[in-house]
Amino acid sequence: MTSQRYPVPKTYPQYEHKPRKVDDGRRLSLWAVVDSGFIILAVVLATWLALLLIAGSVVLSPRALVFILLFWLVVTYLLLPRLHQIFSLIYVPDYFIGRTKTYDGLLGDPLNLALDGEEADIHAAMRAAGWTLADPITLKSSWKIAVATLFSRSYPHAPVSDLFLFGRSQDFAYQQEVDGRPHQRHHVRFWKVPDGWVLPGGHRAQWLAAATYDKSVGLSVFTLQVTHKIDENIDAERDYLINTLRYADPQVQVRVIEDFSTAYHHRNGGGDRVKTDGHLPVVNLRGAQRRASLNFNVLMRPVEEGEGKRVSDHGFPPKSLLGTGVLVAMHILAVALIWRSYWLADTSVWEELRADDWASIVGLTVGTCLEVVLWVLTLMRFSWARLALMAYSTLVAVQSLVDISFQDVPTLRSVFIAILAVTVMLILSGNSARQWVSEGKKDPR
């Protein structure tokens, strides 16, 4: 084979690949340049806001404590995730390397398990082995796990954070609480392998999974966000999961792809250390549903269609973009309260209003109405509306940040307006919002 592909040259080889300009058919449009500019501008404004917040907490006081809390929220949930997202886009490879990714693009938990079988077989096998299907991430489930963790209450169906593989989050996840404490649990995420896709080395499997053990709750090393901390020995969790499956169903077979990856020590997206031997067990669960139905010693509630899965993102706006609507609604409420206060005031208050006061109130009202219209048009996938809304949010953020910079004692009202405007900027310039409008039929690009 080597001699056929590389025959012995009869003359001294000549380098035949001549440099040429590669044209992939893409052009750098003005829309793309402006969009990229807003991404950078959002990071700059978030950094500016964070510096003003920490400067406002120099003198210890109740107000300073509020500024410190706001500083932590802005840095950990707005600024650092966006910086990680930008750097990860540049440096983290986009091809399969046996690792998942976080929402920010950081390398997440390693894939340490593969499976064969239908989805119904996996659900049947996992339930028979004593595992519980995790709830999808919603506002309600997020609140429940926060309360459960804070007060050490049991929450067997607690959701797990999203990790991404093949460009999407896990299809579903299972877990086991330890001693009824939500901050300690076994859990595993599952992804359906795309049709026709093969693992490195030509191996095939229908599902890939990442099994890890949450040992405590702490702060992420990279973003300082509150998160679960996993045990570094992910092979122990992998083997534990396999043993529970084979204990419940001895007919489950396992083959091992030796040295699927190099044994290594590394960190996941939360900064937790992980180590693995590099082997990839492939668990054959074909027929598990049929066998579980014949095992009358196993009492299981059947999995309802769609249970444990997220609603398809196709045709439905991303949660972050819908969350922007909540911020817009807060602006509407604030304007309504201002008009209500003047409406209920005495006529003397109206008479004392100066022209610039009226201009400020009317301008705020018009701006809020414009914000609502642009947000609705963004939901309708007009790219120009998203860019216009980012431009308006930029003006609001800059004005608020300038006001804060020249105030001896920054008012909480100015601070919250700046936080809301910067948050809208970061959401609209994020990957989910950009992808939503770019896939629309009404995209002018």
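This is a short spoken walk through one chain, from its overall make-up to a few local features.

Let me begin with the reminder that what we have here is a predicted model, so the confidence values come before anything else, given that where pLDDT is low, the predicted coordinates should not be read in detail. The chain averages a pLDDT of 75, and 70% of the residues score at least 70. Taken element by element, the highest mean pLDDT, 94, belongs to strand β3, residues 113-116, whereas the lowest, 54, belongs to strand β12, residues 264-267. Over residues 304-314 the pLDDT falls below 50, and this stretch nevertheless has 19 contacts in the model beyond its near neighbours in sequence. Residues 441-445 are likewise below 50, with 16 contacts beyond near neighbours in sequence.

With that in mind, let me turn to the chain as a whole. There are 13 helices and 14 strands, and of the 445 residues in the chain, 42% are buried. If we take the contacts with a separation of 6 or more, 67% of them are between residues 24 or more positions apart. The chain exposes about 25500 Å², of which carbon and sulfur atoms supply 62%.

Now to the surface, and to the part of it around helix α2. Here L30, V33 and V34 form a nonpolar patch, and together these residues have about 270 Å² of accessible area. V34 lies in helix α2, which runs over residues 30-55, and V34 counts as partly exposed because its relative accessibility is 33%, which falls between the 20% and 50% cut-offs. As for spacing, an α-helix has 3.6 residues a turn, so residues three or four places apart point the same way.

For a contrasting position, consider T324 in helix α8, residues 319-344. T324 counts as buried because its relative accessibility is 0%, under the 20% cut-off. Which residues is T324 in contact with, leaving aside its neighbours within four places in sequence? They are W375, V424 and I427.

Finally, I would like to look at helix α13, residues 431-438, whose buried residues are S432, A433, W436 and V437. Seen down the axis of α13, these buried residues fall within an arc of 125°, and they therefore line one face of the helix.

To close, I would return to the caution from the start: the two stretches with pLDDT below 50 that I mentioned are residues 304-314 and residues 441-445, and I would keep both in mind while looking at the model.

How values were computed
Residues are numbered from 1 along each chain as its sequence is written. This is a predicted model: local features need pLDDT of at least 70, side-chain atom pairs count only at pLDDT 80 or more; totals for chains, interfaces and linings use all residues. Side-chain values use heavy atoms; hydrogens and water are left out. Patches are made of residues with over 30% relative accessible area and no salt bridge: like charges are joined within 9 Å, nonpolar side chains (Val, Leu, Ile, Met, Phe, Trp, Tyr) within 5 Å. Accessible areas come from the Shrake-Rupley method with a 1.4 Å probe; for residues, only the protein chains shown count as cover. A salt bridge is a side-chain nitrogen of Lys or Arg within 4 Å of a carboxyl oxygen of Asp or Glu. Helices (H or I, at least four residues) and strands (E, at least two) are DSSP runs, numbered from the N terminus. Buried means under 20% relative accessible area, exposed over 50%, partly exposed in between (1.4 Å probe, protein chains only). pLDDT is the predictor's confidence in each residue, from 0 to 100. Contact means heavy atoms within 4.5 Å. The arc is that of the directions from the helix axis to the C-beta atoms.
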